[in-house]
Amino acid sequence: MKTIERTVAAAPETVWELWTTADGISRWWAPDGFRTEVERIDLRPDGELVYTMTAEDPAQVAFLEQNGLPLSTRARKVFTELQRPTLLAYRSVIDFVPDHEPYEQLTVVDLEPAGDGTHVTMQVEELHDDIWTDRLLAGRANELDNLARLVS
């Protein structure tokens, strides 16, 4: 597991709401240059989060096109653990990698009070190779930066 940490200027309950509602997710979830549209969220163990992430920034569009990747990706996550407002865990279905069989990847998020804010610890299971793991970590770090900006 790889770990990414940030402290954000919002209470754990606020961070929880931004992480577990369609409106909240659509406001910060996507990396820079993308937008997220939530199709479904069923907030319970074995419940699903289904959304589409679409590239909008010309640099992101060019990168995806050069690498033979789609501009929009429909994603599915299955919640494995939920403890409001301190812990959520989900398995992401990795089915968008060209020439690679689909598989699942675990993410565990801890939200701890830190003064007037929340310390976010995200533990991310590695993907099938270093290149894709680095892409995942960069995307997750960017998402946490977006969350921090949103609540500051």
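Note to self before starting: I call a residue buried when its relative accessible area is under 20%. The model I have open is a predicted one.

**Y90.** I looked up its accessibility. Y90 comes out at 1% relative accessibility, so I put it down as buried.

**W29.** Same lookup here. W29 has 2% relative accessibility, so it goes down as buried too.

**Ring pairs.** I went through the aromatics next and got six aromatic pairs in the structure. I started with W29 and Y51, which meet edge-to-face, with 5.8 Å centre to centre and 65° between the planes. W29 sits in the loop between α2 (22-28) and β2 (34-41), while Y51 is in strand β3 (residues 48-55), so this pair ties together parts that are 22 residues apart in sequence. I checked burial for this pair: W29 and Y51 are both buried.

W29 also pairs with Y90, and I logged that one as tilted: 6.2 Å centre to centre, 45° between the planes. Y90 belongs to strand β5 (residues 87-94), so what does its pair with W29 link? I noted distant parts of the chain, 61 residues apart.

Then I followed the ring pairs onward. They join W19, W28, W29, Y51, F79 and Y90 into a cluster.

**R135 and W132.** I looked for a charge over a ring and found the charged end of R135 over the ring of W132, 4.7 Å from the ring centre.

**Helix α3.** Last stop, both ends of α3 (residues 58-66). At its start, I see a side-chain oxygen of D57 within 3.0 Å of the backbone nitrogen of A59. After α3 comes G68, and I wrote down a positive phi for G68, near 70°.

How values were computed. Residues numbered from 1 in each chain as written. Predicted model: local features only at pLDDT ≥ 70, side-chain atom pairs only at ≥ 80, totals over all residues. Heavy atoms only, no water. Polar contact = N/O pair within 3.5 Å; in protein donor to acceptor, adjacent residues only side chain to side chain. Helix = DSSP H or I, 4+ residues; strand = E, 2+ residues; numbered from the N terminus. Phe/Tyr/Trp six-rings, centres within 6.5 Å; stacked < 30°, edge-to-face > 60°. Buried < 20%, exposed > 50% of the residue type's maximum accessible area, 1.4 Å probe, protein only. Lys NZ or Arg CZ within 6 Å of the ring centre and 35° of its normal.
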